[in-house]
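Student: I have a model open and would like to work through it by question and answer. Can we begin with a loop and its backbone?

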Amino acid sequence: MVRVLCQDLECINDVLGLDEAKSGRPKTSTNEENTTRVDELIRCDRRMKIREIALKLKIPKSTVHEIVHDTLGYRKVSARWVPKMLTEDHKLQRVEISQRLLQRCQRDNGDEDTTHIGVGPGGDFQANNNLFDNLITGDETWVHLNTPETKRDSMTWKHPSSPITKKFKVQRSAAKVMATVFWDAKGVILLDILPQGQCINAARYCSTLDRLKEAIRRKRPGLLRRGVVLQHDNATPHSANLTQQWLQRYGWEILPHPAHSPDLAPSDFHLFGPLKRHLGGMAFETEDDLISELRNWFDNLDVDFFRVGINSLLSRWQNASISTGITLRSSRRVNFNLCEFQIYLIKTL
């Protein structure tokens with residue numbers, strides 16, 4: 001009896017259309033007016049929170065969230081951290097030095113346009129000139145006996161039913177050594193470790209250059225005769241008068257390097273990052289064990305790794321030479337030919 005009654009009710013609903021989809025509650029908050037008001041608030045204060053917008057406009061937080069993310073397409077991101085805020089003079093120096101180095105590559109290749117320099121395997125620029133053949137770059141870095149593994153390197157594949165993995169915070173060890181590495185397109189030439197209790201100063205750096213000169217004599221025959229081109233940053237030991245006198249005595253050329261530009265130093269952007277990732281999660285009992293691991297890692301690197309790092313300088317100089325937002329205190333115009341059209345870098349006051 002009950003079953004028959006239910007069937008009769010279903011037939012009545014079908015005839016009268018009582019089960020048709022309803023339009024639901026009308027959306028009174030998500031409208032063009034509220035969308036405009038939310039957009040104006042965000043443009044006035046980019047750090048305003050969803051809750052604050054909802055309280056100010058007196059609309060639900062869910063509605064604000066929908067307007068912000070779905071309608072306006074906003075997403076909240078953190079500011080990019082940079083180690084140094086470059087002044088106008090710093091930016092000008094980057095452009096001028098990069099342009100001078102590119103012009104030198106043009107002269108060495110006998111080419112009027114750096115875009116004609118070939119691109120090798122892997123997309124790295126090939127500069128077949130004396131500059132990169134004679135170039136040696138170097139820098140210092142701290143290496144800890146216990147280097148924690150980064151969160152990114154500890155990522156693992158997880159199935160939905162897999163247990164959640166935990167990673168505890170680990171501090172780097174206080175025990176560390178200062179490693180000075182000089183290398184070229186063929187590999188590491190010198191790995192120098194600063195003894196405990198000493199500091200890097202001009203005298204110490206000159207003694208390191210003495211060891212570098214002997215290492216070049218053994219590992220790169222003929223380079224001292226052709227002329228060494230050394231690239232290092234503008235740290236105080238590197239730019240001290242004693243160091244400059246040493247370099248002039250042996251006739252070594254210093255490649256210009258703009259201040260606060262680790263993106264133009266191969267050791268910073270190509271070598272030290274992979275080294276620190278390799279040491280992540282390792283713990284060494286003694287400094288000798290750490291130094292041995294450093295030497296083994298450098299020895300096992302493929303020569304293409306070093307070649308790509310040196311040759312990538314060319315593309316980085318090109319990117320630095322076309323940086324925007326540069327204002328010069330001169331009315332002269334500098335032309336840089338890239339991709340077969342003129343890019344004017346200079347703005348007059």
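Student: Between which two elements does the loop holding His260 lie?

Tutor: This is a predicted model. His260 sits in a loop, and the elements on either side of that loop are E5 and H11.

Student: What is the phi of His260?

Tutor: Most residues other than glycine have a negative phi. His260 is not a glycine, yet its phi is positive. The value is about 55°.

Student: Is His260 buried, partly exposed or exposed?

Tutor: Buried needs under 20% relative accessible area, and exposed needs over 50%. His260 has a relative accessible area of 41%. It therefore counts as partly exposed.

Student: Which other residues line the largest pocket along with His260?

Tutor: The largest pocket holds about 430 Å³ of space. Besides His260, its lining takes in Arg80, Trp81, Val82, Pro83, Lys84, Met85, Leu86, Lys91, Arg94, Pro262 and Asp263.

Student: How does that lining of the largest pocket divide by residue type?

Tutor: The lining includes Arg80, Lys84, Lys91, Arg94 and Asp263, and these residue types count as charged. His260 is in the lining too, and His counts as polar. The division is six nonpolar, one polar and five charged.

Student: Which residue in the loop between H3 and H4 has a phi near 60°?

Tutor: The sign is positive, and the residue is not a glycine. Its place is in the loop between H3 and H4. The residue is Lys58.

Student: Is Lys58 buried or exposed?

Tutor: The cut-off for exposed is over 50% relative accessible area. Lys58 has 77% relative accessibility, so it counts as exposed.

Student: Which elements give two or more residues to the lining of the second largest pocket?

Tutor: The second largest pocket has about 310 Å³ of space. Its lining has 13 residues, with Ile42, Arg46, Tyr74, Arg75 and Lys76 nearest the centre. The elements giving two or more residues are helix H3 (50-57) and helix H4 (61-71).

Student: How many residues in the lining of the second largest pocket are nonpolar, polar and charged?

Tutor: Arg46, Arg75 and Lys76 are among the lining residues nearest the centre, and Arg and Lys count as charged. The full division is seven nonpolar, one polar and five charged.

Student: Now the sheet. What is the strand order in the open sheet of five strands?

Tutor: The pairing in this sheet is mixed. Its edge strands are strand E3 (187-193) and strand E5 (253-254), each pairing on one side only. The order is E3-E2-E1-E4-E5.

Student: How many residues are in the hairpin link that joins E2 to E3?

Tutor: E2 and E3 run antiparallel, joined by six bridges. One bridge pairs Phe182 with Leu190 in E3. The hairpin passes through two residues.

Student: How many residues of E3 are buried?

Tutor: E3 is an edge strand. It is nevertheless mostly covered. The buried count is seven of its seven residues.

Student: Which residue in E2 stands opposite Thr137?

Tutor: E1 and strand E2 (residues 176-184) run antiparallel, with eight bridges between them. Opposite Thr137 in E2 stands Trp183.

Student: Which element gives the largest share of the lining of the largest cavity?

Tutor: The largest cavity has about 50 Å³ of space. Its lining residues include Thr137, Gly138 and Asp139. Strand E1 (135-144) and helix H11 (266-279) each give two or more residues to it. The largest share, three residues, comes from E1.

Student: How does the lining of the largest cavity divide by residue type?

Tutor: Asp139 and Asp233 are in the lining, and Asp counts as charged. Ala265 and Pro266 are there too, and Ala and Pro count as nonpolar. The division is two nonpolar, six polar and two charged.

Student: Which residue's backbone oxygen lies 2.7 Å from a polar atom of the His270 side chain?

Tutor: His270 is found in helix H11. It is buried, with a relative accessible area of 15%. Its contacts beyond four places in sequence are Trp183, Phe305, Val308 and Gly309. The backbone oxygen at 2.7 Å belongs to Phe305.

Student: Finally, what percentage of the residues in the protein are buried?

Tutor: The protein has 13 helices and seven strands. Its residues number 349, and the buried part is 40%.

Methods:
Residues are numbered from 1 along each chain as its sequence is written. This is a predicted model: local features need pLDDT of at least 70, side-chain atom pairs count only at pLDDT 80 or more; totals for chains, interfaces and linings use all residues. Side-chain values use heavy atoms; hydrogens and water are left out. On a 1 Å grid over the protein atoms alone, a cavity is a set of points where a 1.4 Å probe fits but cannot get out, and a pocket is an open set with protein on both sides within 12 Å along at least five of seven lines; lining residues have an atom within 4 Å of a point. Grid points are joined across faces, edges and corners, and a volume is the space filled by probe spheres set on the points. Helices (H or I, at least four residues) and strands (E, at least two) are DSSP runs, numbered from the N terminus. Buried means under 20% relative accessible area, exposed over 50%, partly exposed in between (1.4 Å probe, protein chains only). A polar contact is a pair of N or O atoms within 3.5 Å; within protein, one must be able to donate a hydrogen and the other to accept it, and residues adjacent in sequence count only if both atoms are side-chain atoms. Contact means heavy atoms within 4.5 Å. Two strands pair if DSSP finds at least two bridges between them.
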